[in-house]
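Here is my note on the model, set out as numbered points for you to read beside the sequence and the coordinates.

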Amino acid sequence: MPIIVGPEIETYLYQILPSRDPVLSHMEDQARKRGIPIVGPTVGRFLHFLALLHKPKKIYEMGSAIGYSTIWWAKAAGPDGEVHYTDGNPDNEKEAKQYFKQAGVEKIVKTHVGNALQIIDELPGEFDLIFCDIDKNGYPEAFHKAYPRLKKGGLLVADNVLWSGTVALPSKAPVDTHGGRKWVEAVKEFNRLIYETPGLFTTIIPLRDGVSVSLKLK
Ligand SMILES: C[S@@+](CC[C@H](N)C(=O)[O-])C[C@H]1O[C@@H](n2cnc3c(N)ncnc32)[C@H](O)[C@@H]1O
């Protein structure tokens with residue numbers, strides 16, 4: 001678990017969380033035991049909160065693993081929502097589908113196995129919200145794919161934009177996070193794009209591993 005804020009604050013934030021849907025708690029246990037990199041409950045609540053505020057109906061998720069963040073989105077989108085799950089691993093999709101049934105969101109989640117950066121080209125129309133949580137070397141391309149597909153007033157949300165704090169290291173410093181320097185540079189490029197693209201208004205929340213939220217203004 002990457003820690004961006006101090007460990008005492010991080011622990012406190014987890015300790016005071018209200019209990020969750022048993023399906024989500026079960027998935028958190030599985031993720032802990034099997035080392036599955038899910039957003040976890042503090043970020044999950046934040047995603048759900050964003051969706052309650054923004055009321056997106058059509059959501060595209062890039063990188064869904066066993067569907068934990070998908071369920072937080074789906075429960076906020078409601079019965080007339082449409083949440084697109086994507087993951088490159090068919091075993092993840094199989095497991096996720098069971099959880100979607102248990103969580104009662106199987107009718108609104110559409111699953112796709114393959115590269116999220118290509119699947120988006122096969123789906124019609126614009127999205128109200130796009131969430132990026134794929135391998136970090138894909139973040140700049142994810143930005144270029146997502147931005148034109150977001151409707152005006154839509155949200156682009158991304159996890160891990162502080163990448164265990166490595167984004168703040170000097171540019172030649174060695175990094176021991178997964179993906180090495182290449183992934184760090186990709187995340188930094190993504191952050192540059194979301195802040196410098198004129199049609200977006202972005203903020204980065206230093207929650208867990210950093211979550212960015214960008215509103216498409218025009
Ligand atoms: C960090 S996990 C996603 C966790 C999920 N968002 C959650 O919080 O519950 C990243 C997942 O993205 C998948 N992945 C990575 N790159 C991908 C790509 N380009 N297209 C589709 N899936 C990808 C991996 O298989 C992995 O399961």
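1. Asn160 is buried in this predicted model, with a relative accessible area of 7%, and that value falls in the buried class because the class takes in anything under 20%. The residue belongs to the loop between β5 (150-159) and α8. Its backbone deserves a look as well, since Asn160 has a positive phi of about 65 degrees although it is not a glycine. As background, most residues other than glycine have a negative phi.

2. Arg208 can be read alongside that case, for it is not a glycine either and has a positive phi, of about 50 degrees. Arg208 sits in the loop between β6 (200-205) and β7, and with a relative accessible area of 8% Arg208 is buried.

3. Which strand holds Ser214, and what does its side chain meet? Ser214 is part of strand β7, which covers residues 211-216, and its relative accessibility of 0% places Ser214 among the buried residues. The side chain of Ser214 makes a polar contact of 2.7 Å with the side chain of Thr202.

4. Ser64 is another buried serine, at 4% relative accessibility, but Ser64 is found in a loop, the one between β1 (58-62) and α4. Although 48 residues separate Ser64 from His112 in sequence, their C-alpha atoms are 9.8 Å apart in space.

5. Turning to the open space in the model, the largest pocket has a volume of about 1,100 Å³. It is lined by 45 residues, of which Ile36, Pro37, Ile38, Val39 and Asp133 are the closest to its centre. The elements that contribute two or more residues to this lining are α2 (22-34), α3 (40-54), α4 (68-77), β2 (82-87) and α6 (116-122), and the largest share, five residues, comes from α2. By residue class, the lining of the largest pocket divides into 17 nonpolar, 17 polar and eleven charged residues.

6. The surroundings of the ligand should be checked next. There are 17 residues around the ligand, and those that come nearest are Val39, Ser69, Asp87, Ala116 and Asp133. Val39 and Asp133 also appear among the residues closest to the centre of the largest pocket.

7. Which side chains place a polar atom beside an oxygen or a nitrogen atom of the ligand? For Asp87, a side-chain N or O atom is 2.8 Å from an oxygen atom of the ligand. For Asn92, a polar side-chain atom lies 3.3 Å from an oxygen atom of the ligand. For Asp133, the partner is a nitrogen atom of the ligand, and a polar side-chain atom of Asp133 lies 2.8 Å from it.

8. Asp133 has a further partner within the protein, because its side chain meets that of Lys136 in a salt bridge, with 3.2 Å from N to O, inside the 4 Å limit that defines such a pair. Both Asp133 and Lys136 are buried. Asp133 therefore deserves attention on two counts, with a salt bridge to Lys136 and a polar atom 2.8 Å from a nitrogen atom of the ligand, the limit for a polar contact being 3.5 Å.

9. The count of salt bridges comes to 14, and one of them joins the side chains of Lys97 and Glu93, at 3.8 Å from N to O. Both residues lie in helix α5 (residues 90-103), where they are four residues apart, about one turn of the helix. Their exposure is not alike, since Lys97 is partly exposed with a relative accessible area of 44%, whereas Glu93, at 15% relative accessibility, counts as buried.

10. Arg181 and Glu185 form a salt bridge in which the closest N and O atoms are 2.7 Å apart. Why can these two side chains reach each other along the chain? Arg181 and Glu185 are four residues apart in helix α8 (residues 180-196), so about one helical turn separates them. Arg181 is partly exposed, with a relative accessible area of 22%, and Glu185 is partly exposed as well, at 34%. Salt bridges with shared partners also bring in Lys188, so that Arg181, Glu185 and Lys188 make up one network.

Technical notes
Residues numbered from 1 in each chain as written. Predicted model: local features only at pLDDT ≥ 70, side-chain atom pairs only at ≥ 80, totals over all residues. Heavy atoms only, no water. Buried < 20%, exposed > 50% of the residue type's maximum accessible area, 1.4 Å probe, protein only. 1 Å grid on protein atoms, 1.4 Å probe; cavity = no way out; pocket = protein on both sides within 12 Å on 5 of 7 lines; lining within 4 Å. Points joined across faces, edges and corners; volume = space filled by probe spheres on them. Nonpolar A, V, L, I, M, F, W, Y, C, P; charged D, E, K, R; others polar. Near = heavy atom within 4 Å. Polar contact = N/O pair within 3.5 Å; in protein donor to acceptor, adjacent residues only side chain to side chain.
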